[in-house]
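Student: I am new to this structure and would like to understand how each term is justified. Could we go through it slowly, setting every value against its definition?

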Amino acid sequence: MSLQATPPVDASVDVSLRVPRGETGDLESGVAAVLGRIDGVAAVTVQQVTSVRPTFTDIRVSADATVRVAVPAETDPRTAVAERLADGFGVTAVDDIAVDSR
């Protein structure tokens, strides 16, 4: 069994997600909290909330953010980031991803 490094990747994303009602703080911090709870996400910076639709139990939000995500070394970073975020609880869509190619 070999161990492969999971280098962090910085990516700009356009995501749609559900922010729970009753969370303390503003919508930007709610978006950051939802994304920050996803396995492999090390950092989140929310640039802007682009749409808001309140519902009875949560708030549907679209936002532009930058995330730092650990991805397997042998995978396409864009695909790995998309899959990681799409599997996150509360994330309903990952619409656009631009990976920083350092």
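Student: What makes V15, S16, V49, T50 and S51 contacts of S62?
Tutor: Contact means heavy atoms within 4.5 Å, and, leaving aside neighbours within four places in sequence, S62 meets that condition with V15, S16, V49, T50 and S51. This is a predicted model, in which local features need pLDDT of at least 70 and side-chain atom pairs count only at pLDDT 80 or more, while totals for chains, interfaces and linings use all residues. Residues are numbered from 1 along each chain as its sequence is written, and side-chain values use heavy atoms, with hydrogens and water left out.

Student: Why is S62 called buried?
Tutor: Buried means under 20% relative accessible area, exposed means over 50%, and partly exposed lies in between, with a 1.4 Å probe and protein chains only. S62 has a relative accessible area of 16%, so it is called buried. Of the 102 residues of the protein, 30% count as buried.

Student: Where is S62 found, and what makes that element a strand?
Tutor: S62 is found in strand β3. Strands are DSSP runs of E with at least two residues, helices are runs of H or I with at least four, and both are numbered from the N terminus. β3 covers residues 58-70, so S62 belongs to a run that satisfies the definition of a strand.

Student: How do you know that β1 and β3 pair?
Tutor: Two strands pair if DSSP finds at least two bridges between them. β1 and β3 run antiparallel and are joined by 13 bridges, so the condition of at least two is met. Within this pairing, D14 stands opposite D64 in β3.

Student: What else pairs with β3, and in which sense?
Tutor: β2 pairs with β3 in the antiparallel sense over 11 bridges, and A43 stands opposite R68 in β3. These two strands form a hairpin, with 3 residues between them.

Student: Why are β2 and β4 called edge strands?
Tutor: The 4 strands form an open antiparallel sheet in the order β2-β3-β1-β4. β2 (41-54) and β4 (91-99) each pair on one side only, and that is what the name edge strand expresses. The twist averages 20 degrees from one strand to the next, where axes are lines fitted to C-alpha atoms, for helices over the stretch in contact, and angles run from 0 to 180 degrees between N-to-C directions.

Student: Which strands do the two helices touch?
Tutor: Helix α1 (residues 27-36) packs on the sheet and touches β1, β2, β3 and β4, its direction making about 130 degrees with that of β2. Helix α2 (residues 77-86) also packs on the sheet and touches β1, β2, β3 and β4, its direction making about 160 degrees with that of β4.

Student: What makes a group of residues a nonpolar core, and which members touch the most others?
Tutor: A nonpolar core is a set of buried Ala, Val, Leu, Ile, Met, Phe, Trp, Tyr and Cys residues joined through side-chain atoms within 4.5 Å. The largest has 24 residues, and V13, L17, V31, L35, V81 and L85 touch the most other members. β1, α1, β2, β3, α2 and β4 each supply at least two residues of this core.

Student: How do you know that the protein is as compact as a globular protein of its length?
Tutor: The radius of gyration is taken over C-alpha atoms, and the globule rule is 2.2 Å times the number of residues to the power 0.38. The radius of gyration is 14 Å, close to the 13 Å that the rule gives for 102 residues, so the protein is as compact as a globular protein of that length.
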